[in-house]
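This briefing introduces one protein structure to a first-year reader. Please keep the sequence and the three-dimensional view at hand while reading.

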Amino acid sequence: MAVDNVKRTKIKQILAEGKVGEDLCVKGWVRTMRESKNVAFAALNDGSTINSLQLVFDVHQTDEDTIRKITTGASLSVTGTLQESQGAEQAFELIVKEVKVLGEADPGKYPLQPKKHSMEFLREIAHLRPRTSTFGAILRVRHEMAYALHTFFHKKGFYYLNSPILTASDAEGAGETFKVTTLNLENVPKNEKGGIDFKQDFFEKETNLTVSGQLEGELAALAVGEVYTFGPTFRAENSNTTRHLAEFWMVEPEMAFYDLEDNMNLAEEMLKYTVNHALKNCAEDIAFFNKRQLEEEKCKPQNERSELALIERLQLVVNNAFERLTYSGAIEVLKRSKPNQKKKFQYLIEGWGADLQSEHERFLVEKYFKKPVILYNYPKDIKAFYMRRNEDNKTVAAMDVLLPSIGEIVGGSQREERLNMLEQRMSEMNILTEELSWYLDARRFGTAPHSGYGLGFERMIQFVTGMSNIRDVIPFPRTPGNCEF
């Protein structure tokens, strides 16, 4: 039986069907290899599942030079017969009849040897880390969560909008954007006032990578009803924390004729749907992450350990109606809380108007309500210009969804559809109306109430996997000083 003449079967299918006695061909990468006097065992993984298939070689019937090349990291094509395993570690094993080494991996140079590697080390070799159990699982979970989000919105009748990556606007008004130019940086042209002459640039104006697809999403929603964007966004925030990336993915639905309550209902429904999808379709990978988290918790001080295991946190989202609380109500809860009164919070809550931090959000979710929370009606002074002002003239119809362990995962609002109110707010925040005249046109011509929100996709993957650092839930992280691979 020649290796090249047998159709390949993926390991996930083999382990699920368990057709003992069947001749099979598998292809993948060696995780481990051990050899005894008469028999050699290799664990082969092809990425289709977190589980590997044990290969059993008769060393006397296998070419000695081939056995020598079967090392950790090598890729193989193998034919053999499936049988029930004699060991306790796996249900099945493949008795090898023929093996072909497709690609060698020098054990003296291959960095992913079978031992524990730190996350810091793996970030330095992000081009190889998908071959580890942890990062292979993350890639599979990312795929399933993206599929779940597209499926959810498709079933709801939303249209997928491809919003631009290159834009002249700064949707958040934060100014932390990556500039895009074709100008010669060694000889930048200047205008009569001594500033950069962007008229000589490719787009003839100052341009940057997008921080959000929201504004364009609003335009489409006010034409076809409900849309969502799902694409990369960029923030030039010089922050080296476990919560920040320079390039990340956002899911941003925008809906015509939705008020704030409709917006909150949709966000809750979306999160329940996608987390439930993960529990059903990523069971093996989530069980792996659950075990990983439990092991990590043992190494933490008692007072820093999570009260809930990963799977319990996910079930908390699926099985509970989200608590809904105004920002003002949250401030009162936090002011009276023990961590605040005993000055345990890093950022003490002294009164209304404070910008809530992750520690406050997690207290509300994990300690006080013990379930997901939606906060709404925030002070207008700490929110973006496009959020609809409430009748009290102090707050806007904004909402944030808070989940255990992660804090804010969704942020959104009812959008300001009243032209005069929007222009007034832009003036207050020194945002030039001329540069966003196209955005204001949506209020001039057939304006309508509408709402939307943003879901940080990497935050979602962090929540589902329990990974503590956002750099470890995206294949190739872009952070200050790092744009490798």
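The points below concern a sheet, a helix that packs on it, and several aromatic side chains. The model is predicted. Its sheet is open and consists of 8 strands with mixed pairing. Under the rule applied to ring centres, 17 aromatic pairs are counted.

**The sheet**

- Strands of a sheet pair through backbone hydrogen bonds, in either the parallel or the antiparallel sense.
- The order of the strands across this open sheet is 6-10-11-16-15-14-13-12.
- Strand 6 (159-161) and strand 12 (323-326) are at the edges; each has a single partner strand, so one side of each lacks a neighbour in the sheet.
- From one strand to the next, the twist averages 20°.
- Strand 12 pairs with strand 13 (residues 373-379) in the parallel sense, over 4 bridges.
- Glu323 has Val373, in strand 13, as its bridge partner.

**The helix on the sheet**

- Helix 14 (residues 457-465) packs on the sheet.
- The strands that helix 14 touches are strand 10 (226-234), strand 11 (247-256), strand 14 (395-403), strand 15 (407-414) and strand 16 (450-456).
- The direction of helix 14 makes about 55° with that of strand 16.

**Aromatic pairs**

- How far apart are the ring centres of Phe153 and Phe158? They are 5.1 Å apart, and the ring planes stand at 55°, so this pair is classed as tilted.
- Phe153 is buried because its relative accessible area, 0%, is under the 20% cut-off.
- Phe158 is likewise buried, because its relative accessible area of 5% is under 20%.
- Trp438 and Tyr439 form an edge-to-face pair, with 6.1 Å from centre to centre and 75° between the planes.
- Is Trp438 buried or partly exposed? Trp438 counts as partly exposed, at 31% relative accessibility, whereas Tyr439 counts as buried, at 0%.

**An aromatic cluster**

- Phe152, Phe153, Phe158, Tyr160, Tyr228 and Tyr273 together form one aromatic cluster.
- The tilted pair of Phe153 and Phe158 thus belongs to this cluster.

**Charges over rings**

- Which ring lies beneath the charged end of Lys383? The charged end of Lys383 sits over the ring of Tyr378, at 4.2 Å from the ring centre.
- The charged end of Lys394 sits over the ring of Trp352, at 4.5 Å from the ring centre.

Notes: Residues numbered from 1 in each chain as written. Predicted model: local features only at pLDDT ≥ 70, side-chain atom pairs only at ≥ 80, totals over all residues. Heavy atoms only, no water. Pairing = 2+ DSSP bridges. Helix = DSSP H or I, 4+ residues; strand = E, 2+ residues; numbered from the N terminus. Axes fitted to C-alpha atoms, helices over the stretch in contact; angles between N-to-C directions. Contact = heavy atoms within 4.5 Å. Phe/Tyr/Trp six-rings, centres within 6.5 Å; stacked < 30°, edge-to-face > 60°. Buried < 20%, exposed > 50% of the residue type's maximum accessible area, 1.4 Å probe, protein only. Lys NZ or Arg CZ within 6 Å of the ring centre and 35° of its normal.
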